[in-house]
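Visitor: Please show me how to read pockets and a ligand site in a model.
Guide: Look at the structure first, then we go through the features.

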Amino acid sequence: MKLIIKKNYEEMCAEAAKTIKEQLDHKKDTTLGLATGSTPEGVYKELIKYYKNGEIDFSQVRTFNLDEYIGLSKENINSFNYFMNDKLFDHINIDKKNIHIPNCDGKNIEEFCRNYDKMIEDSGGIDLQIVGVGQNGHIAFNEPANQLSFGTTIVELAENTIEINSRFFDSIEDVPKKAITMGMGTIMQAEKIIWIANGKGKSKVVEKFLSEKTITTEFPVSILKLHKDLTIIVDEQACSSLGR
Ligand code: F6R
């Protein structure tokens with residue numbers, strides 16, 4: 001496990017984007033696992049900058065996103081499909097057929113979940129997975145619980161997640177209650193994981209992760225401790241609960 005502390009959000013994003021660039025320099029047909037939310041937004045901005053400067057090529061890259069709300073169409077501005085196109089894919093030379101984001105429009109979501117893991121497997125697995133973290137320790141939408149799914153699955157969102165994510169919606173009632181998420185097993189099978197966290201809101205989670213020795217499904221991020229190649233990139237505010 002490697003911990004990198006950067007001064008602020010911009011530097012944290014630059015560091016994460018640099019790692020992604022290095023991965024693509026090393027393997028042009030990399031499979032990336034991607035996250036949505038406020039945390040990776042700046043990372044995607046940095047990747048777009050690299051692309052515009054001719055320093056990165058996405059033409060052979062495949063992507064698999066972590067999660068998506070159930071009940072929002074792909075065109076809904078709060079869907080993760082919309083977010084990814086808007087914040088990254090519409091601005092780079094990725095081949096649209098190489099983009100995979102859980103699709104909740106279909107009738108048989110269970111079957112979609114099974115196929116999603118198969119698609120990841122068939123693409124040779126995820127080389128580099130980016131994850132953010134919820135204030136309750138969730139990874140993707142794997143919410144704290146007494147057991148977690150290994151593979152991609154349907155989940156009920158925690159009250160706390162609905163409340164926090166309501167900042168993007170007109171009202172809390174509009175936040176979907178269910179989502180599709182990659183399971184912790186799928187995530188842990190990635191060759192390399194980068195966990196990014198910034199701001200005071202994440203300081204308790206970072207502190208708990210670094211100070212507690214236990215691994216528990218009640219704190220899903222703790223499972224990342226078992227990964228063989230985990231890099232944590234945080235800003236100083238996310239470390240503000242840590243002692244010296
Ligand atoms: C989203 C995802 C979530 C977020 C988490 C933090 O694809 O996987 O686990 O990473 O909810 O969200 P932000 O970055 O908005 O604080």
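**Pockets and ligand**

Guide: Start with the smaller case: the lining of the second largest pocket divides into 5 nonpolar, 4 polar and 2 charged residues. Ala, Val, Leu, Ile, Met, Phe, Trp, Tyr, Cys and Pro count as nonpolar, Asp, Glu, Lys and Arg as charged, and the others, Gly among them, as polar. This is a predicted model, where local features need pLDDT of at least 70, side-chain atom pairs count only at pLDDT 80 or more, and totals for chains, interfaces and linings use all residues. Residues are numbered from 1 along each chain as its sequence is written, and side-chain values use heavy atoms, with hydrogens and water left out.

Visitor: How is empty space found?
Guide: Rolling a probe the size of a water molecule over the atoms shows where empty space is left. On a 1 Å grid over the protein atoms alone, a pocket is an open set of points where a 1.4 Å probe fits, with protein on both sides within 12 Å along at least five of seven lines; lining residues have an atom within 4 Å of a point.

Visitor: Where does the ligand sit?
Guide: The ligand sits in the largest pocket, meaning that more than half of its atoms lie within 2 Å of the pocket's grid points.

Visitor: Which polar atoms approach the ligand?
Guide: A polar contact is a pair of N or O atoms within 3.5 Å. A side-chain N or O atom of T39 is 2.4 Å from a ligand oxygen atom, and a polar side-chain atom of T36 lies 2.8 Å from an oxygen atom of the ligand. From A140, a backbone N or O atom lies 2.7 Å from a ligand oxygen atom.

Conventions:
A polar contact is a pair of N or O atoms within 3.5 Å; within protein, one must be able to donate a hydrogen and the other to accept it, and residues adjacent in sequence count only if both atoms are side-chain atoms.
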